[in-house]
Every structure is written in C-alpha cells, then in structure tokens.
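This briefing covers the strands of one protein chain, the turns that link them, and a few single residues. Keep the sequence and the structure in view while reading.

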Amino acid sequence: MSRIGKNPVSFDSKVNVSITPKNEVIVKGAKTSMTIAMRPEIQAKVEAGQVVLTRKNDAKETKALHGLYRSLVKNAVVGVTEGFTRSLTLQG
C-alpha cells in the first residue's frame with residue numbers, strides 16, 4: 001500500500017476543492033486555481049475539509065499513481081494558498 005497516497009490532503013476554508021465527472025480535481029484559492037486531471041484508476045472524494053484518494057486495484061503502476069496524484073493535489077493546495085516562493089542560501 002502506498003504510504004504517501006493513503007494520507008488525506010487537508011485544506012482550510014479559504015480553498016475550494018471540487019471533483020468533476022471527468023475525474024479532475026479543481027482547486028481554487030485566493031491567488032489562482034489549478035486543475036489536476038487524474039487517470040481512471042484513482043478516485044478522489046472531498047470529505048470534511050480533506051481530499052481522500054482511493055485506487056481501484058493493487059497493480060504496481062496503480063500504487064505508484066496513488067502516491068503521485070496525492071502529491072500533485074497537495075502541491076496544488078499549497079500553490080493556490082501560498083504561491084511560488086524561492087529561497088536562496090548563500091555560502092562563501
């Protein structure tokens with residue numbers, strides 16, 4: 001079982017997450033909105049401020065996709081709330 005994929009993605013009330021019939025996750029926030037198109041092996045549900053991803057079978061590729069899509073949804077939630085930041089460390 002994917003250890004990353006089984007963890008739900010939490011979001012606050014400022015973020016709006018919806019699932020389309022085409023199996024797309026739409027994440028809207030104050031800064032922007034993002035859409036993640038998912039393959040049919042992975043299903044997403046929105047439950048009480050969390051996005052829960054489930055997979056249809058235990059094939060090796062499906063397990064890998066489970067963790068991948070969970071990470072993509074998490075990055076989308078962070079992206080619409082905080083935006084892109086770059087931090088540099090100077091050594092010399």
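Strands β5 and β6 form a hairpin with two residues between them, and A48 in that turn has a positive phi of about 50 degrees. The model is predicted, so local features need pLDDT of at least 70 and side-chain atom pairs count only at pLDDT 80 or more, while totals for chains, interfaces and linings use all residues. Residues are numbered from 1 along each chain as its sequence is written, and side-chain values use heavy atoms, with hydrogens and water left out. Helices (H or I, at least four residues) and strands (E, at least two) are DSSP runs, numbered from the N terminus. Two strands pair if DSSP finds at least two bridges between them.

**Strand β6 and its partners**

- Strand β5 covers residues 42-47 and pairs with β6 in the antiparallel sense over six bridges.
- Strand β1 (residues 9-10) also runs antiparallel to β6, and two bridges join them.
- Which residue of β6 is the bridge partner of E47? The partner is Q50, and Q50 is also the bridge partner of S10.
- In a regular strand the side chains alternate between the two faces of the sheet.
- Strand β6 (residues 50-55) shows this alternation: V51, L53 and R55 point to one face and are buried. Q50, V52 and T54 point to the other face and are not buried.
- Buried means under 20% relative accessible area, exposed means over 50%, and partly exposed lies in between (1.4 Å probe, protein chains only).

**The open sheet β2-β3-β4**

- Three strands form an open sheet in the order β2-β3-β4, with antiparallel pairing.
- Because β2 and β4 stand at the edges, each with a single partner strand, one side of each is left without a neighbour in the sheet.
- From one strand to the next, the twist averages 15 degrees. Axes are lines fitted to C-alpha atoms, for helices over the stretch in contact, and angles run from 0 to 180 degrees between N-to-C directions.
- Helix α1 (residues 60-81) packs on the sheet and touches β3 and β4. The direction of α1 makes about 170 degrees with that of β4.
- Contact means heavy atoms within 4.5 Å.
- Strand β2 (residues 16-19) pairs with strand β3 (residues 24-28) over four bridges, in the antiparallel sense.
- Across these two strands, V17 stands opposite V27, S18 has I26 as its bridge partner, and I19 stands opposite V25.
- On the β4 side, β3 is joined to β4 (residues 33-37) by five bridges, and the two run antiparallel.
- In β4, the residue opposite I26 is T35.

**Turns and loops**

- The hairpin of β2 and β3 has four residues between the strands.
- A hairpin through four residues also joins β3 to β4.
- N23 lies in the loop between β2 and β3, and its phi is near 65 degrees, a positive value in a residue other than glycine.
- Is N23 buried or exposed? N23 is buried, with a relative accessible area of 9%.
- A48 lies in the loop between β5 and β6 and has a positive phi although it is not a glycine.
- A48 is exposed, with a relative accessible area of 82%.
- D12 is found in the loop between β1 and β2 and is partly exposed, at a relative accessible area of 40%.
- D12 and G29 are 17 residues apart in sequence, and their C-alpha atoms are 9.9 Å apart in space.

**R70 in helix α1**

- R70 is found in helix α1.
- R70 is buried yet has no salt bridge. A salt bridge is a side-chain nitrogen of Lys or Arg within 4 Å of a carboxyl oxygen of Asp or Glu.
- The nearest side chain of opposite charge to R70 is E82, 13 Å away. Lys and Arg count as positive and Asp and Glu as negative, while His and the chain ends are not counted.
- What does the side chain of R70 reach at 3.2 Å? The R70 side chain reaches the backbone oxygen of N7.
- Not counting residues up to four places away in sequence, R70 touches I4, G5, N7, P8, V9 and L53.
- One of these contacts, L53, is among the buried residues of β6.

Technical notes:
A polar contact is a pair of N or O atoms within 3.5 Å; within protein, one must be able to donate a hydrogen and the other to accept it, and residues adjacent in sequence count only if both atoms are side-chain atoms.
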